[in-house]
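Please walk through this protein model with an eye on how its strands, helices and charged side chains fit together. The sequence and structure come next.

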Amino acid sequence: MKAKSKGVESLYFPQFNEPVDSFIEGMLQGKLTWSPKTGQSLIAQVIPHYERCWNCRKVTGVVLGVSIKDKNGNELSFNRFTNDGIPQFLLSHGVSQHLSRHKIGRIEKRYSKTQNTSYLSNGCFYCNALMGNFFIDNAVRNYFDGFREPICEFVFPYGQEGLRVKSDWYFNGRQADHYF
């Protein structure tokens, strides 16, 4: 028989929408965690996007971004392909070998007339035309209901890649809500 404190039945932790007594019990069972921690194994899932190429008009794939998850499948962050360091992060983990199977162009340095510079970018699978940062940023807006299935995934140790993921509290696999 569990002992219950008097008057705590109506108290709860709003960040997790959890009653106080069950939160304390879960906390003592190790269900309250801070994630990610340096060295923690995380999962990176490469998310594709398909659209007509501006140059050849064929439907081509591009890397939209990478979804970072913990070992329980909780999404910690989504990083657009255009975020600093993401193309390098993907290339360093051998993503290139998966692209052609999914009709996605190579990730390589291309010149952008708009930006008047060269940078690592997506390209059309068929004609290798630059599918640049503006294209990716606009494409992300199409996915408010969720992303396509990933084309590949890999495990990496957090903190050694220069990749930033916002750490937060999790209780029983659920991220804390923030009110301020």
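What follows takes the sheet, then the helices, then the salt bridges. The model is predicted.

Start with the sheet. Which order do its strands take? The order is β6-β5-β4-β10, in an open sheet of four strands with antiparallel pairing. β6 and β10 are the edge strands. Each of these two pairs on one side only. β10 spans residues 152-157. On average, neighbouring strands of this sheet are turned by 30° against each other, direction ignored.

Now take the pairs in turn, beginning at the β10 edge. β4 and β10 run antiparallel and are joined by six bridges. Here Ser-41 stands opposite Pro-157 of β10.

Move on to β4 and β5. Ten bridges hold this antiparallel pair. Ala-44 has Ile-68 of β5 as its bridge partner. The two strands form a hairpin, with six residues between them. Arg-57 sits in that turn, and its phi is positive, about 70°.

Next come β5 and β6. They too run antiparallel, and five bridges join them. Ile-68 has Ser-77 of β6 as its bridge partner. Ile-68 is thus met from two strands: it partners Ala-44, and it partners Ser-77 in β6. A hairpin also links β5 and β6, this time with five residues between the strands. In its turn, Gly-73 has a positive phi of about 85°.

How many residues of β5 are buried? Nine of the eleven are, which leaves the strand mostly covered. In a regular strand, side chains alternate between the two faces of the sheet. Burial along β5 takes in nine of eleven residues.

Part of the picture around β5 is a helix. α4 packs on the sheet and touches β4, β5 and β6. The direction of α4 makes about 65° with that of β5.

Look at α4 itself, residues 133-140. Its buried residues are Asn-133, Phe-135, Ile-136, Ala-139 and Val-140. Why do they share one side of the helix? They cover an arc of only 160° around the axis, so they lie on the same side of α4. These buried residues pack against β4 (41-52), β5 (59-69) and β6 (75-80). They also pack against β8 (117-123) and β9 (130-131).

Asn-133 deserves a closer look. This residue lies in α4. Its relative accessible area is 18%, and the cut-off for buried is under 20%, so Asn-133 counts as buried. Which residues does Asn-133 contact, leaving aside its neighbours within four places in sequence? They are Thr-82, Gln-115 and Tyr-119.

Turn to α1, residues 20-28. Val-20, Phe-23 and Gly-26 are its buried residues. Their arc around the axis is only 130°, which puts them on the same side of α1. They pack against β1 (12-13), β2 (18-19), β3 (32-35) and β11 (168-171). After α1 comes Gly-30, with a positive phi near 85°.

Set the two helices side by side. The buried residues of α1 pack against β1, β2, β3 and β11. Those of α4 pack against β4, β5, β6, β8 and β9.

Last, the charges. How many salt bridges does the structure hold? There are four. Arg-106, Glu-108 and Arg-110 are linked in a network. Glu-108 takes part in both of the contacts described here. It bridges to Arg-106, with the closest N and O atoms 2.9 Å apart. Glu-108 also bridges to Arg-110, where the closest N and O atoms are 3.9 Å apart. Is Arg-110 buried or exposed? Arg-110 is buried, at 7% relative accessible area. Glu-108 is partly exposed, at 23% relative accessibility.

Another salt bridge joins Asp-177 and Arg-174, with 2.9 Å from N to O. Both ends are partly exposed. Asp-177 has a relative accessible area of 28%. Arg-174 stands at 35% relative accessibility.

Key
Residues are numbered from 1 along each chain as its sequence is written. This is a predicted model: local features need pLDDT of at least 70, side-chain atom pairs count only at pLDDT 80 or more; totals for chains, interfaces and linings use all residues. Side-chain values use heavy atoms; hydrogens and water are left out. Buried means under 20% relative accessible area, exposed over 50%, partly exposed in between (1.4 Å probe, protein chains only). The arc is that of the directions from the helix axis to the C-beta atoms. Contact means heavy atoms within 4.5 Å. A salt bridge is a side-chain nitrogen of Lys or Arg within 4 Å of a carboxyl oxygen of Asp or Glu. Two strands pair if DSSP finds at least two bridges between them. Axes are lines fitted to C-alpha atoms, for helices over the stretch in contact, and angles run from 0 to 180 degrees between N-to-C directions.
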